[in-house]
Amino acid sequence: MCQTYGNLPAMTPGADALGCTAPRFPHRRAGHCGSGALRDLFEYQNLDFGDGALSEGEIFGLGAGLGFLYIEAPSARPPIYLVGRTADFELDIASILGFGVDVCRAADPAEGFDLLRDALKTDGPTMVWADIMHLDYLRVRMHNTRHDIVVVSIDERAEVAYVADNDRDEIQACSLASLSLARCSQAFPGPNENTIFRYAWPDQLPAPRDAVRSAVGAAISNMRGGGRPLAGLEGMTGLSGVKRFAERYARWPETIGDALPEALNALSLFIVKAGTGGAMFRSLYSEFLRNVGERLDSAPMVAAADTYEVLAGAWVELARCAASGDHQSGVALADDIVMLEHSGIEALVDVLDVI
C-alpha cells in the first residue's frame with residue numbers, strides 16, 4: 001500500500017541499483033538518522049541552493065524537524081521517553097520544498113522486499129525504516145523501528161544490501177535476512193511495516209528565502225501547536241510538553257521512586273545519544289539558522305541561532321547531570337530550558353517578520 005503526499009509526477013527511471021558491489025553514494029556520518037539520510041539523498045540528487053551540498057542542519061531545518069514529545073509511564077522500563085523532533089519530518093520536507101513523496105508499506109516481508117526492489121530499479125537509492133536492534137552491522141540492545149537508512153543497492157546473489165546509516169562513516173554491507181527483520185519489526189515505537197519513502201525529486205529547490213519562510217513558519221507551528229506525536233504515542237508535545245517535562249522532572253523522586261536512576265540514565269541517552277545530533281536536535285536547528293542566516297545575510301536568523309546554541313548547551317548540561325545521577329541539580333536547568341524554548345520560538349517569530 002502506498003500513500004501519496006504532495007504532487008507526484010511520473011517517476012523517471014533511476015540507475016540500476018541491483019549490482020554486485022556497493023555503488024558510489026555521497027555519505028558521511030550524521031547526528032540524526034532522518035536528516036543524515038536526506039542530506040545524503042539531496043547531495044546525490046544535486047539539490048542545493050547553488051553554493052554546494054546542504055549541511056545536515058540545513059536539511060533538518062528545511063524539514064521543520066523542530067518538535068518535542070514527553071511521555072511518562074512509571075510502570076514501563078525505562079519509565080520516561082522524550083524526543084525533540086516531529087513525527088512527520090520525512091514528509092514535511094517534501095511539502096515545504098514543493099515536491100511529492102509516496103510512502104509505501106506492506107505487512108508481508110516478501111511484498112515489502114518487492115516494493116524495495118522496484119524502488120531501487122526505478123528511483124535509485126531509497127530511504128526506508130529499519131529497527132536498529134536487527135541491523136547486523138550495528139551493536140545495539142534497544143529497539144527503534146523508525147530509524148531511517150538509505151538502501152543504496154542490493155545484491156540478491158550475495159544476499160546483501162548496501163546501506164548508508166548515520167551511525168557509520170562508510171556504506172555498510174547488511175545481510176538481506178537482517179534487513180528483512182529490521183523492516184518488519186513490531187517493536188517500539190510501533191510496527192514499521194516495511195515502510196519506504198519514494199521521493200519525486202524536483203529539478204531544483206525553491207529560492208532560499210521562500211524555503212526558509214515556509215520552514216520556520218512550520219517549526220513555530222510545531223512548537224506552539226504541538227504537532228503530531230511520534231507513532232501516535234500518547235504524550236505532551238511542543239512547548240506545552242517542555243513545560244510538563246520540567247514540572248514532572250522536579251517530582252521524579254516522588255512519582256518514579258526506585259526507578260529514578262533508570263529514568264535519569266534514559267534521560268541522558270534520549271538527549272545526547274539517541275540520534276539527536278548530540279543536543280536534543282537543538283544544535284542541528286542552530287546549525288540550520290546560522291548557515292542559512294549567513295547565506296541570506298539575516299541578522300535575526302543568526303541571533304536565533306545563538307539562542308538555540310545556548311538552548312542546546314542547556315539540554316546537554318541536563319544530560320550531564322542525569323548521567324551522573326544528580327537529579328537535584330537538573331531541576332533549575334529544566335526550568336531554564338522552558339524559558340529558553342520559549343525564547344527560541346520568539347526569536348523565530350522575529351525571523352519571520354523580516355525574512
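## Cavities

Start with the enclosed space: this structure has two cavities of 30 Å³ or more. This is a predicted model, so local features need pLDDT of at least 70 and side-chain atom pairs count only at pLDDT 80 or more, while totals for chains, interfaces and linings use all residues. Residues are numbered from 1 along each chain as its sequence is written, and side-chain values use heavy atoms, with hydrogens and water left out. A cavity here is a set of points, on a 1 Å grid over the protein atoms alone, where a 1.4 Å probe fits but cannot get out; lining residues have an atom within 4 Å of a point. Volumes are the space filled by probe spheres set on the points, with grid points joined across faces, edges and corners.

The largest cavity comes to about 50 Å³. Around it sit Leu-41, Asp-123, Pro-125, Thr-126, Met-127, Phe-197, Arg-198, Tyr-199 and Trp-201. Two strands, β5 (126-130) and β9 (196-200), each bring at least two residues to that lining, and β9 gives the most, with three. (Strands are DSSP runs of E with at least two residues, helices are runs of H or I with at least four, and both are numbered from the N terminus.) Sorted by class, the lining has six nonpolar, one polar and two charged residues. For the classes, Ala, Val, Leu, Ile, Met, Phe, Trp, Tyr, Cys and Pro count as nonpolar, Asp, Glu, Lys and Arg as charged, and the others, Gly among them, as polar.

The second largest cavity holds about 40 Å³ of space. Helix α1 (residues 33-44) supplies the largest share of its lining, five residues. Among the lining residues are His-27, Arg-28, Asp-148 and Asn-166. The class split for this second largest cavity is four nonpolar, three polar and five charged.

## Pockets

Now for the open spaces. A pocket is an open set of grid points with protein on both sides within 12 Å along at least five of seven lines. The largest pocket has a volume of about 640 Å³. It is lined by 32 residues, and the closest to its centre are Ile-132, Asn-144, His-147, Ala-274 and Gly-275. The elements giving two or more residues to this lining are β3 (80-85) and α9 (260-273), with β3 giving the most at four residues. By class, the lining of the largest pocket divides into 18 nonpolar, eight polar and six charged residues.

The second largest pocket is about 370 Å³ in volume. Of its 16 lining residues, Arg-77, Pro-78, Ile-80, Tyr-81 and Phe-270 are the closest to the centre. Again, β3 and α9 are the elements that give two or more residues to the lining, but here the largest share, five residues, comes from α9. This lining has 12 nonpolar, two polar and two charged residues.

## Backbone oddities

As background, most residues other than glycine have a negative phi, and most peptide bonds are trans. Which bonds are cis here? One is the peptide bond from Arg-77 to Pro-78, with omega near -5°. Pro-78 belongs to the loop between β2 (66-72) and β3, and both Arg-77 and Pro-78 turned up above among the residues closest to the centre of the second largest pocket. Another cis peptide bond joins Phe-188 and Pro-189, where omega is about 0°; Pro-189 is in the loop between α5 (176-183) and β9.

Two non-glycine residues with positive phi are worth a look. Glu-159 has a phi of about 55° and lies in the loop between β6 (147-155) and β7 (160-164). Phe-281 has a phi of about 70° and lies in the loop between α9 and α10 (282-295). Are they buried or exposed? Glu-159 counts as exposed, at 54% relative accessibility, whereas Phe-281 is buried, with a relative accessible area of 2%. The cut-offs are under 20% relative accessible area for buried, over 50% for exposed and partly exposed in between, using a 1.4 Å probe and protein chains only.

## Helix α11

Helix α11 (residues 299-323) has 25 residues and should span 36 Å at 1.5 Å a residue; its end C-alpha atoms are 36 Å apart, which agrees. That expected span is 1.5 Å times one less than the number of residues. The buried residues of α11 include Met-301, Tyr-308, Leu-311, Trp-315, Leu-318 and Cys-321. After α11 comes Gly-325, with a positive phi near 80°.
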